[in-house]
Every structure is written in C-alpha cells, then in structure tokens.
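Trainee: I want to learn how to read a ligand site and its surrounding fold. Can you take me through one case?

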Amino acid sequence: MRKYVIMGVQGSGKGTQAALLARDLDLVHMSVGDIFRWHVQRHTKLGAQVRRIMAAGELVGDDLVESTVRERLGMHDWNYGFIVDGFPRSRRQAEFFLESYDIDAVIHLDLPDGEVRRRVLARRICSRCGLDYNLIAHRPREEGRCDVCGGDLVSREDDTEEALAIRLREYHTKADPILELFRGKEFVVTVDARPDKLAVQREIRSHLGLPALAGKASVPLG
Ligand code: AMP
C-alpha cells in the first residue's frame with residue numbers, strides 16, 4: 001500500500017506525474033480540482049458552490065474540500081494505495097490529512113514562477129471530451145481542434161493572467177507552510193520540474209526507491 005501526496009504550483013506537471021505513478025502502481029489518483037470540475041460541468045449542488053470561486057482562481061473553503069476528500073477516499077477502492085493531487089492547499093487541510101491517513105511521501109515538484117506562467121497560459125482543454133493539450137508540449141494536429149473527437153479546444157476558465165497571478169500568490173503563502181509541516185515529518189521529496197515529463201518521473205522514482213517505469217511510458221498524458 002502506497003500513499004502519496006503530490007504538490008506543486010499549477011502547471012508544474014503534478015497531474016501528469018501523478019497519472020504516470022497511478023497507472024503503473026495501480027493507485028487511485030485523486031485530484032480535488034478534477035472532482036470540482038466534474039461537479040461544475042454537471043451543474044450539481046457542489047458545482048454551484050465552487051464554480052465562481054474556481055473561476056476567480058481562489059481557493060474553495062476548507063470544510064467543503066475536507067468533505068470532498070473524505071467522501072472520495074471513503075469509497076475505499078484504493079487497494080494498492082492512492083496519490084492525491086491538488087490537496088492539501090492550506091495548513092488546516094494538511095493537518096486533517098495527517099490525522100486521518102498515514103502518508104508515505106510528499107512529492108514536491110519545484111518550478112519557477114516564470115516557467116509556470118509560460119506553461120499555464122498555453123494549456124487548452126477539449127470542450128467536448130475533456131482531453132488536455134498544451135501549445136508548447138502537446139499541440140493538437142489541427143489548431144483549435146481535438147485530435148480525438150474534433151471538439152473545440154478552449155482555455156480553462158481560470159487560466160487567465162489575472163487568475164494565475166492570484167493562484168501563484170495564494171500558492172506561495174499557503175504551500176510554503178504546508179511543506180514546512182510535512183518537512184518536519186521528513187516526508188518531503190523535492191524534484192526539479194523543469195525537465196521533460198519522463199525525466200521528472202525517473203527522478204521521482206529514484207527518490208522514492210521505486211523501480212523504473214515499465215511499458216508504454218511514452219504515451220502522452222497531456
Ligand atoms: P486545480 O485543478 O488543482 O488547479 O484546481 C482548480 C481549482 O479548484 C483551484 O483553483 C481551486 O479553486 C479549487 N481547488 C482544488 N483543490 C483545492 C483545495 N485543496 N483547496 C481549495 N481549493 C481547491
């Protein structure tokens with residue numbers, strides 16, 4: 001059983017790295033942002049509660065986040081463990097998590113703000129099937145069109161300069177104390193997120209003492 005948290009600013013590739021680990025090790029990959037987006041798209045009650053906060057690039061309240069995480073992990077479908085992405089983002093969330101689960105490691109992807117801006121503003125998502133693209137690293141074959149379903153590619157509602165500036169500020173004021181809390185428990189593994197995704201994955205695995213990624217590691221994950 002492996003229980004990991006992956007942390008890093010938006011655009012640091014935490015979703016991609018978490019997905020590579022999850023697929024290979026059979027972990028449940030829980031992204032709180034994905035859960036919220038699912039609810040927003042389906043106009044659920046939770047979706048209505050978080051939509052505006054997300055669009056403004058602000059953080060959803062701790063109570064709502066905590067109950068969302070509890071509900072997802074409460075499904076207990078994680079026989080081989082889980083990797084949590086986009087959580088915790090406040091000290092309170094971190095404390096709740098430490099009290100409730102034994103964590104094996106916190107993977108911290110380190111990326112300078114200038115590189116974050118370049119990457120995030122290049123992100124696109126298919127409005128029909130939800131596939132992720134990036135105009136730097138994973139371009140669609142035809143501009144503005146999804147390779148898989150032909151849907152229109154759009155920016156996420158919160159990937160604007162203004163929202164990004166707020167998210168970066170929030171990230172640094174909130175994430176640094178969380179990392180300190182985890183560092184105090186000797187959980188944190190810091191990895192440079194600037195190299196390409198497979199090099200970053202190799203580095204993570206070597207820090208965690210995991211075997212090298214096998215099989216179809218080069219399939220793009222976005
Ligand atoms: P992400 O996909 O991780 O960038 O999350 C998208 C948005 O969902 C964030 O900008 C927040 O508004 C909200 N969100 C996701 N995870 C959390 C969290 N742990 N705490 C508070 N808000 C969150």
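Mentor: We start with the ligand, then go to the sheets and the backbone.

Mentor: This is a predicted model: local features need pLDDT of at least 70, side-chain atom pairs count only at pLDDT 80 or more, and totals for chains, interfaces and linings use all residues. Residues are numbered from 1 along each chain as its sequence is written, and side-chain values use heavy atoms, with hydrogens and water left out.

Trainee: Which residues come nearest to the ligand?

Mentor: A residue is near if one of its heavy atoms lies within 4 Å of the molecule. Here 16 residues surround the ligand, and R37, E58, G86, R89 and Q93 come nearest. By class, the shell has seven nonpolar, four polar and five charged residues. Ala, Val, Leu, Ile, Met, Phe, Trp, Tyr, Cys and Pro count as nonpolar, Asp, Glu, Lys and Arg as charged, and the others, Gly among them, as polar. Helix α2 (residues 32-41) gives the largest share, four residues. Helices (H or I, at least four residues) and strands (E, at least two) are DSSP runs, numbered from the N terminus.

Trainee: What polar contacts does the ligand make with R37, E58 and R89?

Mentor: A polar contact with the ligand is a pair of N or O atoms within 3.5 Å. The side chain of R37 has an N or O atom 2.8 Å from a ligand oxygen. For R89, a polar side-chain atom is 2.7 Å from a ligand oxygen. E58 uses a polar backbone atom, 2.5 Å from an oxygen of the ligand. The protein covers 97% of the 480 Å² of accessible area that the ligand has on its own (Shrake-Rupley method, 1.4 Å probe).

Trainee: Now the sheets. What is the strand order in the sheet of five strands?

Mentor: Strands of a sheet pair through backbone hydrogen bonds, either parallel or antiparallel. Two strands count as paired if DSSP finds at least two bridges between them. This open sheet runs β2-β3-β1-β4-β8, with parallel pairing. β2 (28-31) and β8 (188-192) are at the edges with a single partner strand each, so one side of each has no neighbour in the sheet. β2 and β3 (residues 81-85) share four bridges. M30 has V84 in β3 as its bridge partner. Helix α2 packs on the sheet, touching β2 and β3 (contact: heavy atoms within 4.5 Å). The direction of α2 makes about 65° with that of β2 (axes are lines fitted to C-alpha atoms, for helices over the stretch in contact; angles run from 0 to 180 degrees between N-to-C directions).

Trainee: How many strands form the antiparallel sheet?

Mentor: Three, in the order β6-β5-β7, and this sheet is open too. β6 (132-134) and β7 (153-154) are the edge strands. R124 stands opposite Y133 in β6.

Trainee: What is notable in the backbone at F87 and P88, and at H43?

Mentor: Most residues other than glycine have a negative phi, and most peptide bonds are trans. F87 and P88 are joined by a cis peptide bond, with omega about 0°. P88 is in the loop between β3 and α5 (91-100). H43 has a positive phi, near 55°. H43 sits in the loop between α2 and α3 (45-55).

Key
A polar contact is a pair of N or O atoms within 3.5 Å; within protein, one must be able to donate a hydrogen and the other to accept it, and residues adjacent in sequence count only if both atoms are side-chain atoms.
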